[in-house]
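This report describes the fold, the nonpolar core and the ligand surroundings of a single chain. The sequence and structure are shown first.

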Amino acid sequence: MILRLRSGSPEDTLEIARALGAVLRPGDVVALTGDLGAGKTLFCKGVGEALGIPSDRIVSPTFTIVTEHAGPVPLTHIDVYRLAGAREADEIGMREILSGDGVCLVEWADKIEELLPTDCIQVRFSFSGDDRREIAIAAPDLPGFDDFRARSIRFQPGG
Ligand SMILES: Nc1ncnc2c1ncn2[C@@H]1O[C@H](COP(=O)(O)OP(=O)(O)OP(=O)(O)O)[C@@H](O)[C@H]1O
Ligand SMILES: [Mg+2]
């Protein structure tokens, strides 16, 4: 099941991300894909807020691949844009990082698809004009998915 949501502004995207963050469990991996400037980092900020991490801590640094944020549920923010691909990610220990106890958020996750857990939560962004984005979310094994669907109802077509 894929939930397709419509965001009309950065604030909408933050709200959707907070709603997802509220139902994530320790150990969950969220795979974010979408072009430059689609809203992946902004979404990570919203998830972080739901986990009690101030949004200004979650940034898009030029060279850092992995950033750990301590919190009630630890958050690992990963951006693999600068890696060549899955093999290079494997060499820096990505499998172990992804199997940690906290929540992992992975920007440009499609670059390391082979290393992602099969039950990861997929969030795909596409541009639909100006400040509009479609955010498609698939989470087959997430117990809180129905709860998330209810929380994000106003972003669903016709909702
Ligand atoms: N509906 C929207 N949702 C998210 N961001 C939006 C939206 N409308 C406009 N924006 C703007 O788009 C930009 C998204 O930037 P962000 O850094 O989150 O993208 P990204 O996908 O992480 O990019 P990168 O590939 O460089 O990591 C921000 O400047 C934000 O204000
Ligand atoms: Mg980013």
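A nonpolar core is a set of buried Ala, Val, Leu, Ile, Met, Phe, Trp, Tyr and Cys residues joined through C-beta atoms within 7 Å. In this predicted model, the largest such core holds 42 residues, and V29, V30, A31, L105 and V106 touch the most other members. At least two residues of this core come from each of α1, β2, α2, β4, α4, β5, β6 and β7. The largest share, 5 residues, is supplied by α1. V106 touches V29, V30, A31, L32, I78 and V80, when residues up to four places away in sequence are left out.

**Overall fold**

The chain contains 5 helices and 7 strands. Read from the N terminus, the order of these elements is β-α-β-α-β-β-α-α-β-β-β-α. The C-alpha trace spans about 45 × 30 × 30 Å along its principal axes. A compact globule of 159 residues would have a radius of gyration near 15 Å, and the chain agrees with this at 14 Å. Of the 159 residues, 38% count as buried. Among contacts between residues at least 6 apart in sequence, 69% join residues at least 24 apart.

The residue ranges of several strands that contribute to the largest nonpolar core are listed below.

| Strand | Residues |
|---|---|
| β2 | 29-33 |
| β4 | 75-79 |
| β5 | 103-107 |
| β6 | 121-127 |

**Helix α1**

Helix α1 comprises residues 10-21, and its 12 residues reach 16 Å from the first C-alpha to the last, close to the 16 Å expected at 1.5 Å a residue. Because 9 of its 12 residues are buried, α1 is largely enclosed by the rest of the structure. The buried residues of α1 are D12, T13, L14, I16, A17, R18, A19, L20 and G21. The elements covering them include β1 (2-7), α2 (40-50), β7 (133-138) and α5 (145-151).

**Surroundings of ligand 1**

Ligand 1 is surrounded by 17 residues, of which T13, G39, K40, T41 and D131 are the closest. The elements that give two or more residues to this shell are α1 and α2. By class, the shell has 4 nonpolar, 8 polar and 5 charged residues. T13 is thus listed both among the closest residues to ligand 1 and among the buried residues of α1. Helix α1 likewise appears in the ligand shell and in the largest nonpolar core.

Methods
Residues numbered from 1 in each chain as written. Chains lettered and ligands numbered in written order. Predicted model: local features only at pLDDT ≥ 70, side-chain atom pairs only at ≥ 80, totals over all residues. Helix = DSSP H or I, 4+ residues; strand = E, 2+ residues; numbered from the N terminus. Rg over C-alpha atoms; globule rule 2.2 N^0.38 Å. Buried ≥ 20, exposed ≤ 12 C-beta atoms within 10 Å, placed from the backbone. Contact = placed C-beta atoms within 7 Å. Expected span 1.5 Å × (residues − 1). Near = placed C-beta within 6 Å. Nonpolar A, V, L, I, M, F, W, Y, C, P; charged D, E, K, R; others polar.
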